[in-house]
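Thank you all for making time this morning. I would like to walk you through one chain, starting from its interior and working outwards.

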Amino acid sequence: EIPCQWRRQDRFTFPNQKFDLRASNSYTSVVKPSLFNQTPEELSAVLNDLGEPSYRGEQILDWLWRKRTSSIDGMSNLPARLRDQLKASFSLQSLTHAHAQGSADSTRKFLFRLHDGRYVETVLIPASPALYGERSDRRTLCVSSQVGCAFGCKFCASGLDGFTRNLSADEIAGQVLLAEELSSEKVNNIVFMGMGEPLLNSEAVLESIRCLNDDLGIGQRRITVSTVGVPKTLPLLAELAMQRLGRAQFTLAVSLHAPNQKLREELIPTAHAYPYEALLDDCRHYLDVTGRRVSFEYILLGELNDQPEHAAELADRVGGFQSHVNLIAYNPIEEEEFKRPTPQRIDAFRRVLERRGVAVSLRASRGLDQNAACGQLRRQHLKP
């Protein structure tokens with residue numbers, strides 16, 4: 001059985017799940033739409049319909065993203081009439097804090113509750129502490145783009161309970177706002193490596209990037225979008241990014257996790273529908289369109305994909321065009337029996353790539369003592 005089958009260019013199905021790349025980026029909500037989720041153009045149209053001057057839009061955006069107001073009533077420079085009209089049509093908060101846990105290495109993991117009772121995870125990862133133990137000057141936030149995941153990668157906890165729905169742009173950007181509020185720290189870097197497959201929610205992801213860039217001042221070059229690989233979506237992502245953002249300066253990270261198709265299919269069930277060479281061809285096309293190099297994520301699984309011969313084969317596959325390999329030592333989860341590789345095996349794998357001329361880095365594992373692998377906190381919270 002092929003778990004991912006194309007029906008037409010922008011539509012495909014998984015067992016018991018159907019996705020349309022252009023239609024699945026929204027969902028039916030039973031509550032008022034969030035004011036945070038209005039684009040500047042949409043907000044301008046709303047204000048025009050209400051007979052309000054256009055400058056009110058900038059005032060509203062300033063309250064939302066810079067002053068971080070907790071209520072529409074708190075927008076004190078807006079007329080009372082307008083505040084009442086906004087309250088009648090819009091909500092404000094898109095997610096609330098449900099639980100948090102900290103790690104010995106200062107990593108903090110947040111569980112956020114959405115308006116429909118679903119949960120998503122967000123992880124705040126500080127850079128290594130500066131000299132003399134003062135607070136780190138760089139903080140990376142790992143955000144989710146979906147509730148659950150349909151891909152079922154065997155080394156990831158996010159897909160163990162399947163896919164529920166996409167997040168809206170304000171639910172994605174709201175993770176940053178709430179994480180900064182809870183930690184009292186400014187987030188400097190964003191990685192879309194939390195729950196879900198960002199390319200199955202591309203429009204909301206790109207709109208959230210616009211918000212993070214324009215409204216929170218986080219540069220695109222400090223944002224990384226990670227994908228496990230969805231057929232035909234990389235050309236679409238490049239096209240949409242150029243249309244919606246005017247450029248595509250964020251980093252694209254493609255999760256390979258294997259040096260060949262056979263092993264990749266064992267780890268990623270949906271890889272059956274996306275041949276290895278087709279994926280690499282799409283990466284080259286993405287580079288041609290955007291001018292941005294592609295980063296390849298590779299989780300090292302002890303005694304499975306961490307042999308020197310695996311490194312040599314990987315070098316043969318990704319060499320020859322502008323790219324980078326980011327090695328990640330496996331973060332164990334309870335439901336799977338994969339093993340974390342030894343430091344010696346990790347170093348040997350890295351050295352093979354370096355000798356073959358491949359740009360490579362090793363991502364430091366964080367939060368090992370607090371089950372920081374994506375999806376674990378949510379699963380623990382949902383257990384009866």
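The largest nonpolar core has 99 residues, where a nonpolar core is a set of buried Ala, Val, Leu, Ile, Met, Phe, Trp, Tyr and Cys residues joined through side-chain atoms within 4.5 Å, and buried means under 20% relative accessible area, with exposed being over 50% and partly exposed in between, using a 1.4 Å probe and protein chains only. The residues with the most contacts inside this core are Leu35, Ile190, Phe250, Phe296, Val325 and Leu353. Its largest share, seven residues, is contributed by helix H6, residues 233–245; helices here are DSSP runs of H or I with at least four residues, strands are DSSP runs of E with at least two, and both are numbered from the N terminus.

I should say at once that this is a predicted model, in which local features need pLDDT of at least 70 and side-chain atom pairs count only at pLDDT 80 or more, while totals for chains, interfaces and linings use all residues. Residues are numbered from 1 along each chain as its sequence is written, and side-chain values use heavy atoms, with hydrogens and water left out.

To take one of those core residues, Leu353 is in contact, meaning heavy atoms within 4.5 Å, with Ala311, Leu314, Ala315, Val325, Leu327, Val358 and Val360, once neighbours within four places in sequence are set aside. For the chain as a whole, buried residues make up 54% of the 384 residues, and the secondary structure comes to 11 helices and 15 strands. Of the contacts with a separation of 6 or more, 69% are between residues 24 or more positions apart.

Let me turn to helix H8, residues 276–290. Its 15 residues should span 21 Å at 1.5 Å a residue, and the end C-alpha atoms are indeed 21 Å apart, the expected span being 1.5 Å times one less than the number of residues. Which residues of H8 are buried? They are Tyr276, Leu279, Leu280, Asp282, Cys283, Tyr286, Leu287 and Thr290. Seen down the axis of H8, these buried residues fall within an arc of 155°, so they line one face of the helix; the arc is that of the directions from the helix axis to the C-beta atoms. As a reminder, an α-helix has 3.6 residues a turn, so residues three or four places apart point the same way. The cover over the buried residues of H8 includes H6, strand E12 (251–255), helix H7 (261–267), strand E13 (294–300) and helix H9 (308–318). Just after H8, Gly291 takes a positive phi of about 75°.

Next, the strands. Five of the seven residues of strand E5, residues 108–114, are buried, so E5 is largely enclosed by the rest of the structure. On one side of the pairing list, E5 pairs with strand E4 (residues 95–102) in the antiparallel sense over seven bridges, two strands being paired if DSSP finds at least two bridges between them, and Ala100 has Phe110 as its bridge partner in E5. E5 is also joined by six bridges to strand E6, residues 119–126, again antiparallel, with Glu121 in E6 as the bridge partner of Leu111. E5 and E6 form a hairpin with four residues between them, and Gly117 in that turn has a positive phi of about 85°.

Positive phi values also occur away from glycine. Arg68 has a positive phi of about 55° although it is not a glycine; Arg68 is found in the loop between helix H2 (55–66) and helix H3 (80–89), and at 33% relative accessibility it counts as partly exposed. Among the contacts of Glu180 is this same Arg68, along with Glu185, Lys186 and Val187, leaving aside neighbours within four places in sequence. Glu180 lies in helix H4, residues 169–183, and is buried, with a relative accessible area of 7%. Glu303, in the loop between E13 and H9, has a positive phi near 65° and counts as exposed at 60% relative accessibility.

Finally, the cysteines. How many disulfides are there? The count comes to zero, taking a disulfide as a pair of cysteine sulfur atoms within 2.5 Å. Cys149 counts as buried at 11% relative accessibility, and Cys211 counts as buried at 2%.
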